[in-house]
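Please read this briefing alongside the sequence and the 3D view. It moves from the whole chain to a few chosen residues.

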Amino acid sequence: LEVYCELIKDLLAPHSENQKPLEVRETKEGVVIPGLSSLPAKSAEEVMAKLHSGNTKRTVRATNSNEVSSRSHAVFQVKIKRKFTTGVKVGTLSMIDLAGSERLKKSEVDGLGATEATRINQSLLSLGNCITK
């Protein structure tokens, strides 16, 4: 998934550029995002292909700081199930790529770019506050 300007998009959905933003819900089972893709993979190569496919759909923009600057945060989870004679074990690997903070003056962005940078900085500050509490 991608978090861009506080909107959530499914990067693995077909035609993800035309989709409505997804919503985060808190349930008894935990935090869920209804409608988010969950795709099977049989090999590490399939997992990497899905990761690459989603990554190519992320929102990017050129700035003075970076020619291809990701303007969003991305989360990719791999759930691994292993069957044993005694039952099934499940593990989840979460890979998170955070957009980097930017100084508006240095990156010389304006308009939408300035809005993106402001939202990125606000979300990184919020994340930092969650981690330190």
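**Overview**

Of the 133 residues in the chain, 24% are buried. The model is a predicted one. Three helices and eight strands make up the secondary structure of the chain.

**The chain as a whole**

- Read from the N terminus, the order of elements is β-β-β-β-α-β-β-β-β-α-α.
- Among contacts in the chain with a separation of 6 or more, 46% are between residues 24 or more positions apart.
- The exposed area of the chain is about 9900 Å², and carbon and sulfur atoms supply 55% of that area.

**Strand β7: V75 and K79**

- Strand β7 covers residues 73-84, and both V75 and K79 are found in it.
- V75 has a relative accessible area of 29%, so it counts as partly exposed.
- Beyond its neighbours within four places in sequence, V75 is in contact with L1, M95 and I96.
- V75 and N55 are 20 residues apart in sequence, and their C-alpha atoms are 9.9 Å apart in space.
- K79 counts as exposed because its relative accessibility is 58%, and the cut-off for exposed is over 50%.

**Strand β8: G91**

- G91 is found in strand β8, which spans residues 87-97.
- G91 is partly exposed because its relative accessibility is 33%, a value in between the cut-offs of 20% and 50%.
- Leaving out neighbours within four places in sequence, the contacts of G91 are V78, K79 and I80.
- One of these residues, I80, is 11 residues from G91 in sequence, with a C-alpha to C-alpha distance of 5.2 Å.

**A charged patch on the surface**

- Which residues gather in a patch of positive charge on the surface? They are K42, K79, K81 and K83.
- K79 therefore appears under three topics here: as an exposed residue, as a residue in contact with G91 and as a member of the positive patch.

**Points to locate in the view**

- For strand β7, find V75 and then L1, M95 and I96, with which V75 is in contact.
- For strand β8, find G91 and then V78, K79 and I80, with which G91 is in contact.
- For the surface, find K42, K79, K81 and K83, which form the patch of positive charge.

Note on methods
Residues numbered from 1 in each chain as written. Predicted model: local features only at pLDDT ≥ 70, side-chain atom pairs only at ≥ 80, totals over all residues. Heavy atoms only, no water. Helix = DSSP H or I, 4+ residues; strand = E, 2+ residues; numbered from the N terminus. Buried < 20%, exposed > 50% of the residue type's maximum accessible area, 1.4 Å probe, protein only. Contact = heavy atoms within 4.5 Å. Areas by Shrake-Rupley, 256 points an atom, 1.4 Å probe, with all protein chains shown as cover. Patch = residues over 30% accessible without salt bridge, like charges linked within 9 Å, V, L, I, M, F, W, Y side chains within 5 Å. Salt bridge = Lys/Arg side-chain N within 4 Å of Asp/Glu carboxyl O. Lys, Arg positive; Asp, Glu negative; His and termini not counted. Charge placed at Lys NZ, Arg CZ, Asp CG, Glu CD.
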